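Visitor: I'm new to reading protein models. Could you walk me through one, feature by feature?

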Amino acid sequence: MGVAQRPEVVPAPSSDARLSLVLGERALHVNGDLQTARRWFDAAYRQAEESGDPIVLGLAALGLGGRWVQEHRTSAGSERVRTRQLRALSLLDPSSPPALRLRVRLQGEDDYRNGTHDGILRLLRETRDSGDPLAVAEALNLAHHCLLGPEHAALRRELAGELIGLAGVTERRSDLLMGLMWRTVDLFLAADPHAERCLEELRRLLREHAYLAVGYVVNAIEVMLAIRAGRFDEAEKLAGECFDRGVNAGDMDATGWLGGQLGAIRWFQGRAAELLPGLRDLASSPTLSPIDNSYLAGLALVAAVAGDHRLAAGHLARVRGRDLAELPRSSSWLVSMYFVAETAHLLEDVGTAARAYALLSPYAGLPVIGSLGVVCFGSVEHPLGMAALTTGDLDLAVRHLRAAVQANLALGHWPAAALSRCRLGQALALRDGPRDAAARAELAAAAREARDLGMALPGVVGSAAGRAGEAQRTCRFHRDGRHWRIELGGRVAVADHSVGMAHLAALVAHPGREILAADLAAGTWSQEGEGSSAQPVLDDVARDSYRERLTQLQAEIDEFEEMNDLERASALRLEREWLVAELTAATGIGGRARPFAGGEERARIAVGKAIRRALSRIAGVDPVIGEELRASVQTGLRCCYRPR
């Protein structure tokens, strides 16, 4: 590295430029060390520029492009390299092999940036006619990278096979490894049952001699396979190690791939809402591919899961653009469409769901895999089923989701199979009723699988075009001794008992019914509709709840007084006095219930505080359930639970 980094006062001789070029090509083609290769090629370019060697200048500019397309992601970095390549090309004989190779590189970059491939395929034919094996190998590699959309599977396999065969002519080990890597990726993208055989062949070659760029892709595929197996903790550990190797290799995808891997893990765990803060930053990162919309679509989905429907709708509109069909068919297209279908379901966006269904239909037999095997969300049959569920075509939804279960089992993707089975059970329940035996069997099986894998399954969203019942959209409270079990869809939270929990349970048990805060406080609310303080209905649960809260308050008052926090102690003392007064007023001789009379404003304040404390406690256990309840519980003189 000393030659390349030594400051020069006089122009460097051409031999220095050629040495830097050789070292750069060794780093790129023998070791797959993109970072080191860039440094040597940069040194070679500068030295060749000073010595006036156009051949070395052209080869150094070519080497700066690296092995992948769009290795330089920032606008400044990519334009700088492009300018160098164009300048080098202008100094070369247009018919020379270096000039042809530079034209191939420039065309591949342009096609990838624009989401096209015609130009690189045309130049591939030209390189074949030229008889230059290096130009052909580089054109094959770049063309394959520009054809990662789902519609080009057959052509990609041909290109990968040709590159593997050509490696014997170029005698560059990197061409063999890249060809085998592309074939491995292609087999995974096609859900070929023998994909792991090709992966093992690649592993053996890498054990003989490491090649960082390809080894990083193999590591990423191993993370994907761990997620498929439902080994979430192991997958998360592997993802961190994979990121470190990507950074060491100088791969600009390291940050984005780690985000995608963690996103897949959290999605199947039912913890996607946790990703919202980090994903906001990642979606704007300049390290992402210019045609990758999956992070923006993922942000829309995570926002919808977190209950921020305004943010979700805004990002979904950005992804959709003028027409969803204009989204580039890149290696992230299927993942983007998966997120679009799931977000449309959560937002009950029937139009977007219908459009997504039409675009995804030709690819029903494929898995939803992002980039070069980095993440897998299961079969395309699943987002097709979700789109049909959103549009209300329940027969179609059942058909696709049943196919998704089988396809995901064939992939060995156990979390995706459990999720598809859950959605299948929900679709059957919507179509045939919640007591349908098939629906109950699928839901029970999905619950068992999810429990074994450590997943939280989602519930049914919205009306599914008028067919979803109220029971699937409302929350349920179950008392179990000192704890409450709160259920919303497939999510479950367990929280300690409190007065506020008892109030919430009463509201949730009667969705849409307004109950006076005074009657909630005294336990005298009426099943007939309007509360009446003339009805002595104070039950044991309400009375016990008040007494338990009084005990808690006294302990908290004592604690704050010991801390000399007199202000907070005084506030709690006021609440305690109110509770004592209301309990006394609500009970007669021997503790018998009395009618609740007056104190409406005091009841409003006390009940509101108790409910807000309970909501905070629930949100601390499960933010999704907590936010949903906050949005649907109304407090005041009259309280009500109105599920959205």
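Visitor: Let's start with one residue. Which residues does Leu411 touch, not counting those up to four places away in sequence?

Guide: A contact means heavy atoms within 4.5 Å. In this predicted model, Leu411 touches Ala191, Arg228, Pro367, Gly378 and Ser379, leaving out residues up to four places away in sequence. Take Gly378: Leu411 and Gly378 are 33 residues apart in sequence, and their C-alpha atoms are 7.5 Å apart in space. Leu411 itself sits in helix H21.

Visitor: Is Leu411 buried or exposed?

Guide: Buried means under 20% relative accessible area, exposed means over 50%, and partly exposed is in between (1.4 Å probe, protein chains only). Leu411 has a relative accessible area of 16%, so it is buried. Across the protein chain, 55% of the 644 residues count as buried.

Visitor: Before we go on, what are the ground rules for the numbers?

Guide: Residues are numbered from 1 along each chain as its sequence is written, and side-chain values use heavy atoms, leaving out hydrogens and water. As this is a predicted model, local features need pLDDT of at least 70 and side-chain atom pairs count only at pLDDT 80 or more, while totals for chains, interfaces and linings use all residues.

Visitor: And how do I read pLDDT here?

Guide: pLDDT is the predictor's confidence in each residue, from 0 to 100. The protein chain averages 85, and 86% of the residues score at least 70. Some stretches do worse: residues 1-13 stay under 50, with 17 contacts beyond four places in sequence. Residues 588-598 are also below 50, and this stretch has 23 contacts in the model beyond near neighbours in sequence. Where pLDDT is low, the predicted coordinates should not be read in detail.

Visitor: What about helices and strands? How many of them are there?

Guide: They are DSSP runs, numbered from the N terminus: helices (H or I) have at least four residues, strands (E) at least two. The protein chain has 29 helices and eight strands. Among these elements, helix H1 (residues 2-5) has the lowest mean pLDDT, 40, and strand S2 (residues 375-379) the highest, 97.

Visitor: Why is helix H20 described as largely enclosed?

Guide: Count its buried residues: 10 of the 11 residues of H20 (residues 381-391) are buried, so the helix is largely enclosed by the rest of the structure. Among them are Glu381, His382 and Pro383. The cover over the buried residues of H20 includes helices H18 (333-347), H19 (350-360), H21 (394-411) and H22 (414-432), plus strands S1 (367-370) and S2. After H20 comes Gly392, with a positive phi near 90°.

Visitor: Where do nonpolar residues gather?

Guide: In soluble globular proteins, nonpolar side chains tend to be buried together. A nonpolar core is a set of buried Ala, Val, Leu, Ile, Met, Phe, Trp, Tyr and Cys residues joined through side-chain atoms within 4.5 Å. The largest one here has 136 residues, and Trp68, Trp267 and Phe377 are among those with the most contacts inside it. Helix H12 (residues 212-228) gives the most to this core, with 12 residues. Phe377 touches residues including Trp267, Phe268, Tyr338 and His413.

Visitor: How do I read a sheet?

Guide: Strands of a sheet pair through backbone hydrogen bonds, either parallel or antiparallel. Two strands count as a pair if DSSP finds at least two bridges between them. One open sheet here has three strands in the order S3-S4-S5, with antiparallel pairing. S3 (475-480) and S5 are the edge strands, each pairing on one side only. S3 and S4 share six bridges, with Cys475 opposite Leu488 in S4. Six bridges also join S4 (residues 483-488) to S5, where Arg485 stands opposite Val494.

Visitor: Which way do the side chains of S5 point?

Guide: They alternate along S5 (residues 491-496): Arg491, Ala493 and Ala495 point to one face and are buried, while Val492, Val494 and Asp496 point to the other and are not.

Visitor: Which strands form the other sheet of three?

Guide: S6, S8 and S7, in the order S6-S8-S7, make an open antiparallel sheet. Its edge strands are S6 (515-516) and S7 (633-634). Two bridges join S6 to S8 (residues 638-641), and Leu516 stands opposite Arg638 in S8.
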